[in-house]
Number of protein chains: 2
Amino acid sequence: MATGRNHRPATSRSRGIPEATVARLPLYLRALTALSERSVPTVSSEELASAAGVNSAKLRKDFSYLGSYGTRGVGYDVEYLVYQISRELGLTQDWPVVIVGIGNLGAALANYGGFASRGFRVAALIDADPGLSGKPVAGIPVQHTDELEKIISDNGVSIGVIATPAGAAQQVCDRLVAAGITSILNFAPTVLSVPEGVDVRKVDLSIELQILAFHEQRKAGEEPGAPPETDTAPPAAPPAVSVAKRPPESGTDGDLPAVMPA
Amino acid sequence: MATGRNHRPATSRSRGIPEATVARLPLYLRALTALSERSVPTVSSEELASAAGVNSAKLRKDFSYLGSYGTRGVGYDVEYLVYQISRELGLTQDWPVVIVGIGNLGAALANYGGFASRGFRVAALIDADPGLSGKPVAGIPVQHTDELEKIISDNGVSIGVIATPAGAAQQVCDRLVAAGITSILNFAPTVLSVPEGVDVRKVDLSIELQILAFHEQRKAGEEPGAPPETDTAPPAAPPAVSVAKRPPESGTDGDLPAVMPA
DNA sequence: ATGCCTTTGTGAACGCGTGCACAAAGATTG
DNA sequence: CAATCTTTGTGCACGCGTTCACAAAGGCAT
């Protein structure tokens, strides 16, 4: 059953920058951009770290992977660092992006201001609903799925955003990959199988909420002199014997990615 | 200033379940639910792992933290496991949730089907725009920010979703926390400061795209028989001397969370 | 019952990420 | 130019998370 790796096998240690550090660079960049707009010339690791919500030692170590860009006794030059990080992240070039699945979420994403600002440009909006074709969303006309391959190849798009229902995600993903996409941001609640070399990042509202619920439950059951844990009833059954009878519920687990595409 | 921790200080090792494992439980649950709907009685760690997109050894170790729910030589009882994981995640109870900031994204979230299915219920939609008050979104009337405290206390809400512009996020966050919220899902592109005991999880489109861009650039510069690394030109300047002259660009970095709240 | 086959549960090794703590570097002042 | 003070850059240790590899457990057939 077609599994397919997606997490980068090794550390992606190409030249050395750790994955964890890469994930924080955008955070630093955002904080630095804010400082830059306020015309602040330099920042210490301490100040910047606090602005980015991390520990200063971590920040210094992160920057050390990029090179020695600071000045001891002074700090870091804001403008210079903004440039260096932007370059490292590949933000000095333009990245055309396509969004597939123009429902509530897809539309919200299309309207996102943060796209254009940092090197990302919405090259096209794609949806399977013929009724949407031609209608402008965020000023961009929606195109039909049939055009997918052509759009990607014509615009040299390498990053795709999937905002379709879970059921269509894998299929869309396969087409995107076949058309040349090598990076995917997936909002559909499904595990995507992709060939080696293709990066997939997942954004899943439902999962985030469940993680919060876990901690919330944990807090509720310990902090106050709360009862030992009523445990809502231990109905089910021992390992390999009976079977709980909770009905399969509605089929609506999270079929749609925080939205319905029309 | 005003830093404030947000990552759980320790390992949240309350009774022992590692954070990394908690983050995967929703994945397993989703896969199990799908099997359950197809009336599959049991699964082996290998099958389930592949369905969830993880390695089987990891899955077994994860389950081992919950207890020994499998049967050697057979596998795991689907229904039983669904129940156990649901209980562990706190999904056997109902979690009222409030969404603050009803713009494109907030509306998309309100329409999300995955909410209701797994124990989450949208208790209220809140926005600062008086013009939205009373208007129904996803069948629920939007209420004004003034009512925030009352709504939360009346409904016993402990989980809040922030989908406001970055500028309003911290303020909204503070009010939510003061009103009793202890878990926050933040879609605004800002670092939130919260007191100890409050959990914050962040969803940031812009950051995800930047991480993808990093890897994309990496791929483009290595895979083909590319030269040793041209380094795009060392334009800027040495650490503490000159200053690049890139204009502060537009102020639009990512002020809005993939949407504008009215 | 006995033996074989399958699959779990986990001990142990390894590697990444984090944070401490400090030496080195540079600015700044007298 | 020397002394002092600030802040970076990093060696080191520790802990979490992942993966391997295998013994133990249970089912099943003979």
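## Legends to close-up views of a predicted protein–DNA model

**View 1. Residue classes at the surface near DNA strand D.** In this predicted model, the surface near DNA strand D is made up of 11 polar, nine charged and six nonpolar residues. DNA strand D is surrounded by 26 residues, and both protein chains are represented among the closest: A:Ser45 and A:Tyr76 from chain A, with B:Arg24, B:Lys58 and B:Arg72 from chain B. Sugar or phosphate accounts for 66% of the atoms of DNA strand D that lie within 4 Å of the protein, and bases account for the rest.

**View 2. Individual contacts to DNA strand D.** Two residues of chain A are shown with phosphate oxygens of DNA strand D. For A:Ser45, a backbone N or O atom is 2.5 Å from a phosphate oxygen of the strand. For A:Tyr76, a polar side-chain atom is 2.7 Å from a phosphate oxygen. Chain B is represented by B:Arg60, which has a polar side-chain atom 3.5 Å from a base nitrogen of DNA strand D. The elements that give two or more residues to the surface near this strand are, in chain A, helix H3 (56–66), strand E2 (70–71) and strand E3 (75–77), and, in chain B, helix H1 (19–37) and helix H3 (56–66).

**View 3. Surroundings of DNA strand C.** There are 25 residues around DNA strand C, of which A:Lys58, A:Lys61, A:Arg72, B:Ser45 and B:Tyr76 come nearest. By class, the surface near the strand holds 10 polar, eight charged and seven nonpolar residues. Of the strand C atoms within 4 Å of the protein, 65% are sugar or phosphate atoms, and the rest belong to bases. At least two residues each come from helix H1 (19–37) and H3 of chain A, and from H3, strand E2 (70–71) and strand E3 (75–77) of chain B. The largest share, four residues, is given by H3(A).

**View 4. Individual contacts to DNA strand C.** Base oxygens of DNA strand C are approached from both chains. A:Lys61 places a polar side-chain atom 2.7 Å from a base oxygen, and an N or O atom in the side chain of B:Arg72 is 2.9 Å from a base oxygen. On the backbone of the DNA, a polar side-chain atom of B:Tyr76 is 2.7 Å from a phosphate oxygen of strand C.

**View 5. The annotated DNA-binding region of chain A.** An unreviewed UniProt entry carries the annotation "DNA-binding region" for residues 27–66 of chain A. In the model this stretch is 75% helix and 5% strand, and its end C-alpha atoms are 15 Å apart. For context, chain A as a whole has nine helices and 10 strands. Of the 262 residues in chain A, 53% are buried. Among contacts in chain A between residues at least 6 apart in sequence, 60% join residues at least 24 apart.

**View 6. The annotated binding site of chain A.** The unreviewed UniProt entry places the feature "binding site" at A:Gly101, A:Ile102, A:Gly103, A:Asn104, A:Leu105 and A:Gly106. Among these residues, A:Leu105 is included in the lining of the largest cavity. A:Leu105 is located in helix H5 of chain A, and it counts as buried because its relative accessibility is 4%, under the 20% cut-off. A:Ile102 is in the loop between strand E4 (95–100) and helix H5 (104–110) of chain A. With a relative accessibility of 5%, A:Ile102 also counts as buried.

**View 7. B:Glu216 and its contacts in chain A.** B:Glu216 belongs to helix H9 (residues 205–220) of chain B. Its relative accessibility is 6%, so B:Glu216 counts as buried. With neighbours within four places in sequence left aside, B:Glu216 is in contact with A:Trp95, A:Ser158, A:Thr182 and A:Ser183.

**View 8. B:Asn55 in the loop preceding H3 of chain B.** B:Asn55 sits in the loop between helix H2 (45–52) and H3 of chain B. Its relative accessible area is 40%, so B:Asn55 is classed as partly exposed. B:Ser45 is 10 residues away from B:Asn55 along the chain, and the C-alpha atoms of the two are separated by 8.9 Å. B:Ser45 is also one of the residues that come nearest to DNA strand C.

Methods. Residues are numbered from 1 along each chain as its sequence is written. Chains are lettered from A and ligands numbered from 1 in the order in which they are written. This is a predicted model: local features need pLDDT of at least 70, side-chain atom pairs count only at pLDDT 80 or more; totals for chains, interfaces and linings use all residues. Side-chain values use heavy atoms; hydrogens and water are left out. A residue is near a molecule or strand if one of its heavy atoms lies within 4 Å of it. A polar contact is a pair of N or O atoms within 3.5 Å; within protein, one must be able to donate a hydrogen and the other to accept it, and residues adjacent in sequence count only if both atoms are side-chain atoms. Ala, Val, Leu, Ile, Met, Phe, Trp, Tyr, Cys and Pro count as nonpolar, Asp, Glu, Lys and Arg as charged, and the others, Gly among them, as polar. UniProt positions are given in the numbering used here, feature names are shortened, and annotations may be inferred rather than shown by experiment. On a 1 Å grid over the protein atoms alone, a cavity is a set of points where a 1.4 Å probe fits but cannot get out, and a pocket is an open set with protein on both sides within 12 Å along at least five of seven lines; lining residues have an atom within 4 Å of a point. Buried means under 20% relative accessible area, exposed over 50%, partly exposed in between (1.4 Å probe, protein chains only). Contact means heavy atoms within 4.5 Å.
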